[in-house]
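Please work through the exercises below with the sequence and the structure at hand, trying each task before reading its solution.

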Amino acid sequence: MRIFPENASSYGADVDFIFWLITGVITVASIIVIFLILYPILTKNKSRTKEQRYQQGKGFQKLKLIYLGIAILAIADFYFLFEEGPIWRNIEETLPEKEVHVIVMGRQWLWEFTYPGPDGKLYTADDVKTINKLYLPVNKNIHMDLQAYDVIHSVFIPHARFKQDVLPGRNITKWVKMTKTGTYPLTCAEICGIGHANMKAEIVVLLNEDYKKQMAKLYKK
Amino acid sequence: MNTHKKHGFWHRYFFSLDHKDIGFQYMLTIFVMVSIGGFFAYVFRMHLAYPEMEVPLFGLVTNKDYNMLITNHGLIMMMWLALGMLLAVAGNYLIPIMIGTDDMAFPKLNKLSYWFFLISVILMISSFFMKRGGFGGGWTMYPPLSVGDFGYNTAYTSFKDRFFTANTFVLLAITFEFIALLMGGINFFVTTLNKRAKGMTLTKMPMIVWMINIASVLFMFSVGPLIAGAFMLLLDINAGTGFYDVYRGGDPLLWEHLFWFFGHPEVYVILLPPLGIIAEIISTNSRKPLYGYKFILNLTLIAAILSMMVWAHHQFVSGIDPRAATIFSIFTIIISLPFAGIILAYIATLWNGDLKINLPMKWAIGAITLFTLIGGFTGLYLGASVFDIYAHDTSFVVAHFHYTLFPTVIFGSFAAFYYWFGKFSGRELNKFWGNVHFWLTFIFFNGFAFPLFLLGLAGQHRRIADYRQFEFLMQDPLPLYRQIATISAVILILSQFIFIFNFFWSLKRGKKVTSDNPWESNTLEWQTASPPPHGNFAVYPEVHHGPYEYNHPDREDDFLPQNKK
């Protein structure tokens with residue numbers, strides 16, 4: 001049994017890495033905290049004198065240890081930030097060179113995908129559309145123009161570790177590179193009305209030749 | 001000297017100006033709201049695990065019902081239970097009596113705040129019965145969905161049509177509730193500053209008084225943008241303006257910013273009062289001064305300020321500039337540090353203490369444990385913006401915020417109930433059933449919330465009425481996790497009846513308390529009769545010590561009440 005869905009994108013492994021990194025650190029931290037809470041409860045600190053109890057409560061010896069705890073957590077925190085910074089910039093802030101360009105449009109309650117027509121350009125009259133089925137070539141940098149028609153939706157591709165809200169009247173360009181052929185779900189992760197649960201599309205990742213054949217088939221229709 | 005009179009039934013429950021009675025009125029009203037919210041949770045959890053079943057007491061759940069149930073469950077639990085129970089009930093009942101005075105600074109304003117709260121509850125409940133059904137746009141109410149009819153495909157023809165909709169009523173209900181909480185907050189703050197007993201300096205106040213006041217002030221600072229946003233949303237719905245309509249010059253993202261600018265500080269408004277309750281309980285039951293009183297206070301103030309700077313971590317993938325996310329990610333991660341300090345100070349209080357593991361202590365330690373180990377630590381996953389891309393709007397988030405809110409709000413409230421019940425009623429809660437209630441709640445809360453982490457990691461997105469159509473979410477063992485979560489949630493809800501019966505039975509027939517100070521506590525509320533008379537004290541106390549002078553070396557017994565020389 002695996003925890004995550006099978007990874008099928010170029011940056012999915014980086015996202016999973018952050019998960020395992022944080023899991024590792026908090027497992028250690030949890031063991032320490034469990035010990036700190038259980039030790040006094042189990043031993044009940046029977047041998048302490050009145051003065052000791054009062055002085056421990058009023059004194060500041062433990063403050064050093066608490067500062068140490070905060071410092072360790074701070075180091076761990078900033079280590080996470082240090083590790084995730086480049087990944088975030090890679091996924092969200094940069095766009096690699098465009099090889100394929102599609103429009104993903106969410107509307108109540110379906111996904112509409114637009115591909116460039118025979119002229120190879122989007123936003124022209126010969127563009128072709130599919131509903132609830134997105135054809136993508138494998139191992140290509142895909143630029144997706146993410147849009148919404150009516151209300152806020154959210155494009156979620158679990159196998160690619162990709163998510164982006166789409167808003168009406170706004171075009172958000174993000175990229176993905178699928179590394180395995182196959183069929184993957186694309187779902188809506190932001191509540192968008194009674195059909196929210198049914199808003200489900202398929203991503204069909206094809207080999208390059210098959211993708212070209214599929215596009216030619218779409219042009220004929 | 002106390003000159004207050006004793007009042008009859010009607011006066012007491014409907015027109016009383018006594019802060020204790022108003023607190024009790026709030027408590028009963030909130031019990032009604034929680035019952036509704038809990039019932040909703042039961043219905044949609046059943047539907048998720050057994051989608052084909054007609055849910056007993058409800059019937060078949062349609063997508064429309066499902067959206068309405070989850071939305072109103074969220075709204076009721078966040079706005080009416082969490083904010084109400086921890087600010088209004090705890091603040092009203094505890095502040096005057098713990099600072100040694102007869103009542104609030106403005107008793108009539110206090111009464112008015114309860115009436116506004118009652119109106120808000122009535123508006124909220126009536127929103128379920130609108131012609132087009134209850135509000136189904138998610139508790140975060142993102143427009144443009146919340147402006148229209150949530151996709152029910154009904155056309156609005158007149159103003160009357162638009163006004164008598166669930167959207168309008170929910171927004172009005174929230175507005176009235178916030179007016180009530182503002183009046184309450186002003187009252188708490190003025191009372192605390194002006195009516196403390198002679199000798200009670202600010203640093204001799206019990207921690208919970210500080211926490212409720214910081215929470216109230218934080219609420220006042222953060223609520224403004226939400227009220228402005230809600231007003232614009234109300235105009236969008238009823239007057240046809242386009243503040244959130246992108247085709248008419250508005251922007252839906254504006255609402256998200258205004259909502260979360262309030263929404264994130266609200267989490268800390270909810271968190272601080274239970275931290276205060278826990279401080280009282282662990283210090284008393286460890287028979288040891290609360291470790292680092294001023295240290296905790298400073299960290300709380302730092303956290304309160306930081307909490308205003310983290311709101312956009314709810315919006316990492318909402319379409320904001322990704323470079324902004326980095327800043328919010330840093331602040332989010334930093335805010336874990338003051339809370340780590342506070343929790344470690346509480347744990348330091350346990351060390352070397354003479355621990356009394358009684359019921360309130362169990363709830364308090366249970367709350368710290370779950371809140372820190374699971375609620376707090378899983379926040380790191382979501383604060384790290386990269387993993388949030390995947391986890392955002394999945395069950396992982398649902399599990400995370402249940403692990404932060406449930407231990408604090410529910411465990412914290414129960415800790416308070418079991419701790420102060422004797423003071424409040426003059427009778428004792430049944431200990432055996434109290435223990436049963438604690439263990440059932442503790443075990444089945446985990447049984448309910450933990451599987452949601454695994455479901456979220458498997459990619460289960462939120463607010464979906466029926467997962468059967470998603471093949472990757474129906475692979476073994478995911479349906480089993482859903483069933484475990486549901487069965488645990490149902491047992492969790494059922495075990496709350498133990499508490500309700502225990503509460504009302506003990507209120508009327510419980511064993512009379514043998515002592516006014518059963519926990520041998522120092523704070524002032526324990527130095528008067530149980531229940532306290534109208535006016536609280538026969539002779540107004542004078543304070544000579546801090547609130548946590550346990551095991552003082554110069555004293556024979558192990559406690560030193562604040563008003564004793």
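The exercises that follow concern a predicted model, and each task is followed by a solution in steps.

**Exercise 1. The nonpolar core**

Task: Find out how many residues the largest nonpolar core has, and which helix gives the largest share of this core.

Solution: Begin with the total, which is 245 residues for the largest nonpolar core, where Leu81(B), Ala82(B), Ile278(B), Ala364(B) and Ala415(B) are those with the most contacts inside it. Next, sort the core by element: the largest share, 24 residues, comes from helix H3 (residues 63-98) of chain B. Then turn to chain A, where domain 1 (12-93) and domain 2 (100-220) both give residues to this core, so the core lies between them. Finally, take Ala82(B) as a single case; leaving aside residues up to four places away in sequence, Ala82(B) touches Met77(B), Ile270(B), Leu405(B) and Val409(B).

**Exercise 2. Helix H8 of chain B**

Task: Describe the span of helix H8 (residues 252-286) of chain B, and determine where its kink is centred.

Solution: First, compare the spans: the 35 residues of H8(B) reach 51 Å from the first C-alpha to the last, close to the 51 Å expected at 1.5 Å a residue. Second, follow the axis, which has a kink of about 25 degrees centred on Trp260(B). Third, check the surroundings, since H8(B) is mostly covered, with 31 of its 35 residues buried. Last, look just after H8(B), where Arg287(B) takes a positive phi of about 50 degrees.

**Exercise 3. Where the chains touch**

Task: State how many residues of chain A are in contact with chain B, and which helix supplies the largest share of that side of chain A.

Solution: Counting on both sides, 73 residues of chain A are in contact with 77 residues of chain B. On the side of chain A that touches chain B, the largest share, 17 residues, comes from H3(A). By residue type, this side of chain A divides into 39 nonpolar, 16 polar and 18 charged residues.

**Exercise 4. Backbone exceptions**

Task: Locate the cis peptide bond that ends at Pro144(B), and decide whether Tyr123(A) is buried or exposed.

Solution: As background, most residues other than glycine have a negative phi, and most peptide bonds are trans. The bond from Pro143(B) to Pro144(B) is cis, with omega near 5 degrees, and Pro144(B) lies in the loop between helix H4 (107-127) and helix H5 (159-163) of chain B. Tyr123(A) has a positive phi, near 60 degrees, and is found in the loop between strand E2 (110-115) and strand E3 (128-131) of chain A. Because 10 other C-beta atoms lie within 10 Å, Tyr123(A) is exposed.

Conventions: Residues numbered from 1 in each chain as written. Chains lettered and ligands numbered in written order. Predicted model: local features only at pLDDT ≥ 70, side-chain atom pairs only at ≥ 80, totals over all residues. Core = buried A, V, L, I, M, F, W, Y, C linked by C-beta atoms within 7 Å. Buried ≥ 20, exposed ≤ 12 C-beta atoms within 10 Å, placed from the backbone. Helix = DSSP H or I, 4+ residues; strand = E, 2+ residues; numbered from the N terminus. Domains from an automatic or database assignment. Contact = placed C-beta atoms within 7 Å. Expected span 1.5 Å × (residues − 1). Bend = angle between axes of the 7 residues up to and from the residue. Nonpolar A, V, L, I, M, F, W, Y, C, P; charged D, E, K, R; others polar.
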